[in-house]
Every structure is written in structure tokens, then in C-alpha cells.
Amino acid sequence: MTKQEIRAAMKRLNRSLSDAERREASRRIWSRVAALPGFAEARCVGLFCSLPDEPDTAAALAAWSREKRIVVPRVEGDTMQFYDYDPAAMVCGAFGIAEPSPKAKCCRPEEIDLLVVPGVAFTRSGLRLGRGKGYYDRYLSQPAMRAFLAGVCYAHQLVADLPAEPHDVAMDCVVDDALPFGTMRARGGGE
């Protein structure tokens, strides 16, 4: 399948989930991310503000921001940067996604200990297919980026293979709602 075909198939599957199924899947995903090695030690966690067809981040943002520094992305032209999460200061940003206001404190890539990354599809070895704009791949490719990378998805978004390009950045693990603790791999390694 091409990237476009995979994106269309996953969009249909994601949208076929009922609200109750989405809530339960999201609850399992965030519980499993919180159980990952390194989550307890992470001082700064990067998370995303979810779109309607992604695992819902609202509960994780609320809970985790009480105990950790949470940073979320904001799109600025062709780039993406992470800023401190303040639920009272979020605005509607690029692509209709909630983003931090321009007055939020910027977080340098080297400050993030654990970065939770959305995707359209993943392989068990950590390959990721995004929405096609390249924001995450560009951000994750920065030399200062040292965070542990956890891709998150619904179980049906795990696929056997994905078309990969040299600039694609693989995840250190993939966490879904079906496996006990996601699929781990060493950074730079394969299955």
C-alpha cells in the first residue's frame, strides 16, 4: 500500500471507533505509557494535543501536568516547537489543533526526557507514518534531541511494514491499547 492508501485506511478505522471504545483505548494507552521505564524519572514529558481520530490526550495532560513539566507542540510555519502546557492558555492553532499561546515558555529539545509521538501507523520495530507534513521528523532530527521516543496508536494502527524514507525517525517503543506494555526496541536497532 502507498502512504496515501494507508492514511485513508487508518482514518476510516479510527473514525469507526465509538466514543466508548476511543475512551477505553485511550485510557489503556496512557496507563501503559505511564508504566514505561523512564516515565517516573522523566522531569519533562512532551505530549501532543489530540485530534478527534487520535488517542484522546485530555486525561493524560490533566493528570501528568500535576506531577511533571508537560510540553506540547506549536506549529510555526514549517517548524514545530514545544512549549509549556497551560490548559488556561491554549489557543486554536494550525490545522485546528489546540496549541500553547505565543506567550508560553519555549522548551529546548534537550530538556525533554520522554516524548510521546502520534502517528497514522507504526510497525512493531518503531517505524512511523505521520500525516505527511514532516513536522515530527524535522523536530526529532535535531542534534540536541535526546528524549526517549514513545509512539502511541490504536492496535489496528500497527502494521507489518511501512514505506520508509531516510529522514524518517523511528520510535524507541510503540504503545497501543492491545499489548501489555507496547513494543520496545533499542534506539538505532531493529526488530
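In this predicted model, the buried residues of helix α1 are Lys3, Ile6, Ala9, Met10 and Asn14. Viewed around the helix axis, these residues cover an arc of only 130°, which places them on the same side of α1. The face turned away from that buried side carries the exposed residues Gln4, Arg12 and Arg15. Cover for the buried residues of α1 comes from elements that include α2 (19-34), β8 (121-122) and β9 (128-129). The length of the helix also fits expectation: at 1.5 Å a residue, the 13 residues of α1 should span 18 Å, and the end C-alpha atoms are indeed 18 Å apart.

Helix α2 can be read in a similar way. Its buried residues are Arg22, Ala25, Ser26, Ile29, Trp30, Arg32 and Val33. Seen down the axis of α2, they fall within an arc of 160°, so they line one face of the helix. These buried residues pack against α1, α3 (58-64), β7 (114-118), β10 and β11. As for length, the 16 residues of α2 should span 22 Å at 1.5 Å a residue, in agreement with the 22 Å that separates the end C-alpha atoms.

Attention now turns to charged side chains. A search of the whole structure finds twelve salt bridges. One of them brings the reader back to α1: Lys3 is paired with Glu165, with 2.5 Å between the closest N and O atoms. This pair links distant parts of the chain, since Lys3 belongs to helix α1 (residues 3-15) and Glu165 to the loop between β10 (148-152) and β11 (173-175), 162 residues apart. The two partners can be described by their accessibility as well. Lys3 has a relative accessibility of 18% and therefore counts as buried, the cut-off being under 20%. Glu165, at 36%, is partly exposed.

Another salt bridge joins the side chains of Arg74 and Glu76, at 2.8 Å from N to O. Here Arg74 is buried, with a relative accessible area of 9%, whereas Glu76 is partly exposed at 29%. A further pair is formed by Glu111 and Arg108, whose closest N and O atoms are 3.6 Å apart. Salt bridges that share partners join these two residues with Arg69, Asp84 and Glu110 into one network. Within this network, Arg108 counts as partly exposed, at 48% relative accessibility.

The cysteines give a simple picture. A search of the whole structure finds zero disulfides. For Cys49, the nearest cysteine sulfur is that of Cys92, 11 Å away. Cys49 itself counts as buried, with a relative accessibility of 10%. For Cys173, the nearest cysteine sulfur belongs to Cys153 and is 10 Å away. Cys173 is likewise buried, at 1% relative accessibility.

Finally, a word on confidence. The mean pLDDT of the protein chain is 91, and 93% of its residues reach 70 or more. Over residues 181-191, however, the pLDDT is below 50, and beyond near neighbours in sequence this stretch has 26 contacts in the model. Where pLDDT is low, predicted coordinates should not be read in detail.

Methods. Residues numbered from 1 in each chain as written. Predicted model: local features only at pLDDT ≥ 70, side-chain atom pairs only at ≥ 80, totals over all residues. Heavy atoms only, no water. Salt bridge = Lys/Arg side-chain N within 4 Å of Asp/Glu carboxyl O. Helix = DSSP H or I, 4+ residues; strand = E, 2+ residues; numbered from the N terminus. Buried < 20%, exposed > 50% of the residue type's maximum accessible area, 1.4 Å probe, protein only. Expected span 1.5 Å × (residues − 1). Arc of directions from axis to C-beta. Contact = heavy atoms within 4.5 Å. Disulfide = S-S within 2.5 Å. pLDDT = per-residue confidence, 0-100.
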